[in-house]
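Here is a short set of exercises to work through with the model open beside you. Try each task on your own before reading its solution.

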Amino acid sequence: MTVTADPVLPAVDALVHLRADGVSVLIDARGGELPAVVHWGDDLGPLGADDAAAVVLAATAPLVNSGPDEPTRLALVPEPRTGWLGRPGIVGEREGDAWSPRFTTTVATLCGATLAGGLTEGGAGALRVEATDATARLALVLDVELTPDGVLRARATLRNDGAPYRLHELAVVLPVPPRAREVLDLTGRWGKERVPQRHDLTVGTHLREGRRGRTGFDAATVLTAGVPGFGFGHGEVWGLHVGWSGNHRHWAERLPTGDQVLGGGELLLPGEVTLAAGEEYETPWVYGVHGHGLDAQAARLHRMLRRRTAHPRTPRPVTLNVWEAVYFDHDLERLTALADAAAELGVERYVLDDGWFRGRRDDTRGLGDWYVDEEVWPDGLGPVADHVHGLGMEFGLWFEPEMVNLDSDLARAHPEWVMGAGGRVPVPSRHQHVLDLSNPDAAAFVLDRMSSVIGEHGVDYVKWDHNRDLVDPGSGRDGRPVVHAQTLAAYGIMAELRRRHPGLEIESCSSGGGRVDLGVAEHTQRVWVSDCTDPLERQQMQPWTAQLLPLEYLGAHVAADVSHQTHRAHTLAFRAATALFGHFGIEWDLTRSTPEQLADLAGWVELYKAERGLLHTGTLVRQDSPGPDDPQVWGVVAADRSRAVFQLATLVRPASAPPGRFTLRGLDPERRYRVTPLPLSREAFSLWSVPPWFGLPSADGATASDGVTAQPRPARPDDVPRGAVLTGRALAVAGLQTPESAPGSSLVLLVEAVD
């Protein structure tokens, strides 16, 4: 994008009111000042010019002793020269000069139409404000958009018109009201991503920095401030996400003045961005999401993503990944037998993971040599790819394009392509280093090799991995930091591969869930939530990853009965019920499974295919659990609220028996619904007794109907629950009794309107 600012134009003097999906954003761009968000939250309704001016006046703080003699202005890019003493929006300098710019807005357009002044009312739309500082020789463009789903997003572009300008930070800040006094964000580690954490928003800055060169297992993801005690279904919240896969910052800040903000942007390393005359830097999009409850916040993001042209439109295929089945032990006969077993189950996509390329017999060597290993695959990958395609399945292949082993032909031929700083080789991680894709030659090599392999074998799907943090991320040419350029280069290769190979899909994997953000989501159709496939861990990670991305993006696999990561054992029903609420897949050696296991798994595959149209288009609903040992309830409700699929997951043994009632939100309160426990998840009600509402035959042989039964008896293996019929209001308010279930089990409930 090109910044265009004409300093001879008069200063902008406009108010802009955007409204969409119950959200209002009132922006003050008067007096030539940078635009400031006056209101971001619930819809204000139509405003006249006097009404809008009154809202601005009502939001203007009084002067206080020992403060500035005029009101402090909080712009989208805060300027310290206005008296703002929080984190500044722009930090940079030109040999010690131009470090405190004073921008004057010169042009403002809404959806391409120039604003003359006064109040402009609009629906969803895009505002662009251009500003300049002739003294500092800097120009700034601010893009602010309210999507039809009520998501507010903004970015800034800075152009230098003078001598080289060293930019240290350019960020976007959004105000939140004083009642938002509690903060929630996410943290995590490898194998346990997206762990929620809460604390009070007190005076000071809650700063979350990602310095990994990728999004990170511990990324804040969506940093949310809300009224104390907010939950999934209640409490007003405001959240912020930086849509960027490299280094980044999120922060929540409260000043002694009472001002509260959420801010974010890219984290630039020293000297990473120095703008020569005429050069520009553009921030990532920063997304602001308001709602009443975390589910409402997530729903806005999901609707926004589902509207994009890049969103996957085909049903999300049942996927088999061979990693936990064979690891590096590639053998054509074994892999084709696995493909046969997968096709028999109804699998639709087969992914050959790490180990297919030259010299790759373990993880210490070969990375970067993207040629089929002639010793392991003497006839190339054609035999396995053709076999998979012949069975009617898509063929997927693993790459790790941004990394290299020093024990590789690539590193030996081009040591200058390995990232590093200070003339030294960085500390290794997982026996690998980072390939400097800011070097056009290195990027061209990776693109050429990937494109060749994809084209030669009809690859339908790429699992794009990224298995280490970027330490000393300097260019191999001159040692300058290049995380920004590396991130853009990765995006560029992804985009070009999809241009060259129409229909190709890409999964973002990064040691599991280390690269999950709205930047990479522009180029990928799936994310790998975590390398940990233990369903107990996944019951935490998947619902919280869904705070940002809808379930159709979330790779979720049924793995072996004993987890390869935690060594815990879980039943097939629990593993499959957990994977059902995502992009369903399988990751275990099916050739060693029993006929009974395969028959049960086939039932889950059939269920996923039957319900993925609902699961991947509906509204996510997560119930707030009263206590840590209460069952976890979450599911998806169809857009027309005619159907829903929920799961009642018992993660630990409850302290009370029976556990009590659970409720189901999100249904039409006036309609009546039949709630039916799914027989496939029978283990979740296979203990001594079940609640009468299941509708099982009673002790005297009578059959329960619509939740009214005689004395219950223990469930039998051949019992098929008939369920109960209640109104949506009764399900949300009164609820249903919870069956006494074993820890590590999940009861899947089908909810269908009967009138």
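A residue counts as buried when its relative accessible area is under 20%, and as exposed when that value is over 50%. Please keep in mind that this is a predicted model.

**Exercise 1. A helix and its surroundings**

Task: find which residues of helix H2 are buried, and compare the reach of the helix with the expected span.

Solution.
- Step 1. Locate the helix: H2 covers residues 294-307, which makes 14 residues.
- Step 2. Check its length. From the first C-alpha to the last, H2 reaches 20 Å, close to the 20 Å expected at 1.5 Å a residue.
- Step 3. Apply the burial cut-off. H2 turns out to be mostly covered, with 11 of its 14 residues buried.
- Step 4. Name them: Leu 294, Asp 295, Gln 297, Ala 298, Ala 299, Arg 300, Leu 301, His 302, Met 304, Leu 305 and Arg 306 are the buried residues of H2.

**Exercise 2. Strand E1 and its partners**

Task: work out which strands pair with E1, among them E7 and E2, and in which sense they run.

Solution.
- Step 1. Recall the general picture: strands of a sheet pair through backbone hydrogen bonds, either parallel or antiparallel.
- Step 2. Look at E7 (residues 118-122), which pairs with E1 in the parallel sense over 5 bridges. Here Leu 18 stands opposite Gly 122 of E7.
- Step 3. Turn to E2 (residues 23-29). E2 runs antiparallel to E1, and 7 bridges join the two. Val 16 has Ile 27 in E2 as its bridge partner.
- Step 4. Inspect the connection. E1 and E2 make a hairpin with 2 residues between them, and Asp 21 in the turn has a positive phi of about 50°.
- Step 5. Add accessibility: 6 of the 7 residues of E1 (residues 14-20) are buried, so the strand is largely enclosed by the rest of the structure.

**Exercise 3. An aromatic pair**

Task: describe the geometry of the pair formed by Phe 357 and Trp 370, and say which parts of the chain the pair ties together.

Solution.
- Step 1. Set the scene: the structure holds 16 aromatic pairs.
- Step 2. Classify this one. The rings of Phe 357 and Trp 370 are 4.5 Å apart centre to centre, with 55° between the planes, and the pair is tilted. The class follows because planes over 60 degrees apart would count as edge-to-face and those under 30 as stacked.
- Step 3. Place the residues. Phe 357 and Trp 370 both lie in the loop between strand E23 (349-352) and helix H5 (382-390), so the pair ties together parts that are 13 residues apart in sequence.
- Step 4. Check exposure. Phe 357 is buried, at 0% relative accessibility, and Trp 370 is buried too, at 1%.
- Step 5. Widen the view: Trp 356, Phe 357, Trp 370, Trp 398 and Phe 399 form one aromatic cluster.

**Exercise 4. The barrel and one of its strands**

Task: give the order of the strands that close into a barrel, then follow strand E29 to a charge over a ring.

Solution.
- Step 1. Trace the barrel: 8 strands close in the order E22-E23-E24-E27-E28-E29-E30-E31, with parallel pairing. From one strand to the next, the twist averages 30°.
- Step 2. Pick one pairing. E29 (residues 526-528) and E30 (residues 554-559) pair in the parallel sense over 2 bridges, and Trp 528 stands opposite Gly 555 in E30.
- Step 3. Look above the ring of Trp 528: Arg 538 lies over its face, at 4.7 Å from the ring centre.
- Step 4. Visit another such contact, where Arg 198 lies over the face of Phe 230, at 4.4 Å from the ring centre.

**Exercise 5. Cysteines**

Task: how many disulfides does a search of the whole structure find, and why does Cys 532 have no bond to Cys 509?

Solution.
- Step 1. The search of the whole structure finds 0 disulfides.
- Step 2. Take the cut-off: two cysteine sulfur atoms must lie within 2.5 Å.
- Step 3. Apply it. The cysteine sulfur closest to that of Cys 532 is in Cys 509, 13 Å away, which is too far for a bond.
- Step 4. Finish with accessibility: Cys 532 counts as buried at 2%, whereas Cys 111 is exposed at 56%.

Definitions and conventions
Residues are numbered from 1 along each chain as its sequence is written. This is a predicted model: local features need pLDDT of at least 70, side-chain atom pairs count only at pLDDT 80 or more; totals for chains, interfaces and linings use all residues. Side-chain values use heavy atoms; hydrogens and water are left out. Helices (H or I, at least four residues) and strands (E, at least two) are DSSP runs, numbered from the N terminus. The expected span of a helix is 1.5 Å times one less than its number of residues. Buried means under 20% relative accessible area, exposed over 50%, partly exposed in between (1.4 Å probe, protein chains only). Rings of Phe, Tyr and Trp (its six-membered ring) pair if their centres lie within 6.5 Å; planes under 30 degrees apart count as stacked, over 60 as edge-to-face and the rest as tilted. A charge sits over a ring if NZ of Lys or CZ of Arg is within 6 Å of the ring centre and within 35 degrees of the ring normal. Two strands pair if DSSP finds at least two bridges between them. Axes are lines fitted to C-alpha atoms, for helices over the stretch in contact, and angles run from 0 to 180 degrees between N-to-C directions.
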